[in-house]
Amino acid sequence: MPLSDRYLTICRDPDSEEVLARDGDLEAHSILQRAGFIPVHRLHETYHRAPTGLPRDEETGLATEAVARLRAAGYHVDCDADFDTSRRPILYQTLRESVADLAERLREATTTDEAAGILTELTAPCDGVLDAVGKVLIAAAEFHDGLGTDSAPYTARRLRYLAEETLRLGSVVKVLVTATR
């Protein structure tokens, strides 16, 4: 990863007074969004800004939290003095990293028992990855049920279909797990 991608700035724009975060790689963008920043996509750049309408002290807190999280992840962050902090929160593995770790462990597996154990993480009936994705899709469908817009019922049905039919792929994987044992 280029060193320049590990560098960001988080500053209050002198003209607009908006809190803006510039530069960084995809991981930095993810950290910024999790800290509460909003991505802004322009033709030749992507940057992040604090949500509009926040009181100044909340903007400062949001920016300070982003600086702390980014520095904890190894980024160099140039920031306004108001946002500077020595705090470094504990970093937790993201869901994407966790699932990617399963793929890597599967590549390194040397026995069918190891492979079956890893695949079980995906397909476990009440706490597997596929079950969790299904629960998120159902929750999104329930959200759309309550919107009352013309397209909401279609979207809710589509989400339920994805959860109930498409994720039946888990059944296929369960067969594979059973066959490898």
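**Notebook: sheet, helices and rings**

I began with one residue pair: Arg22 stands opposite Tyr47 in strand S4. I note that the model I am reading is predicted.

Next I looked up the strands that hold this pair. Strand S2 covers residues 19-23 and strand S4 covers residues 46-49. I found S2 and S4 paired in the antiparallel sense, over 3 bridges. I then checked the side chains of the pair. The charged end of Arg22 sits over the ring of Tyr47, and I noted 4.4 Å from the ring centre.

I turned to the other partner of S4 that I had marked, strand S3. S3 and S4 run antiparallel and are joined by 4 bridges. The two strands form a hairpin, with 4 residues between them. Here I wrote down one opposite pair: Ile38 faces Arg49 in S4.

Then I traced the whole sheet. It is open and has 5 strands, in the order S3-S4-S2-S1-S5, with mixed pairing. I marked S3 (38-41) and S5 (76-79) as the edge strands, since each pairs on one side only. On average, neighbouring strands of the sheet are turned by 25 degrees against each other, direction ignored.

I went on to the helices. Helix H1, residues 26-35, packs on the sheet and touches S1 (7-12), S2, S3 and S4. Its direction makes about 20 degrees with that of S4. Helix H2, residues 56-72, lies across S1, S2 and S5. I noted that H2 runs at about 170 degrees to S1.

How do the two helices meet? For a packed pair I need two values, the angle between the axes and the distance between them. The axes of H1 and H2 come within 9 Å, and they cross at roughly 145 degrees. I recorded the crossing of H1 past H2 as right-handed.

Which residues make this contact? From H1 I listed Ala28, Ile31, Leu32, Arg34 and Ala35. They meet Leu62, Ala66, Arg69 and Leu70 in H2. Sorted by class, the contact has 7 nonpolar and 2 charged residues, and no polar ones.

My last entry is on rings. How many aromatic pairs does the structure hold? I found 0. I did find a second arginine placed over a tyrosine, besides Arg22 over Tyr47: Arg6 lies over the face of Tyr75, at 3.8 Å from the ring centre.

Terms used. Residues numbered from 1 in each chain as written. Predicted model: local features only at pLDDT ≥ 70, side-chain atom pairs only at ≥ 80, totals over all residues. Heavy atoms only, no water. Pairing = 2+ DSSP bridges. Axes fitted to C-alpha atoms, helices over the stretch in contact; angles between N-to-C directions. Contact = heavy atoms within 4.5 Å. Left-handed = near helix turned anticlockwise from the far one by under 90°. Nonpolar A, V, L, I, M, F, W, Y, C, P; charged D, E, K, R; others polar. Phe/Tyr/Trp six-rings, centres within 6.5 Å; stacked < 30°, edge-to-face > 60°. Lys NZ or Arg CZ within 6 Å of the ring centre and 35° of its normal.
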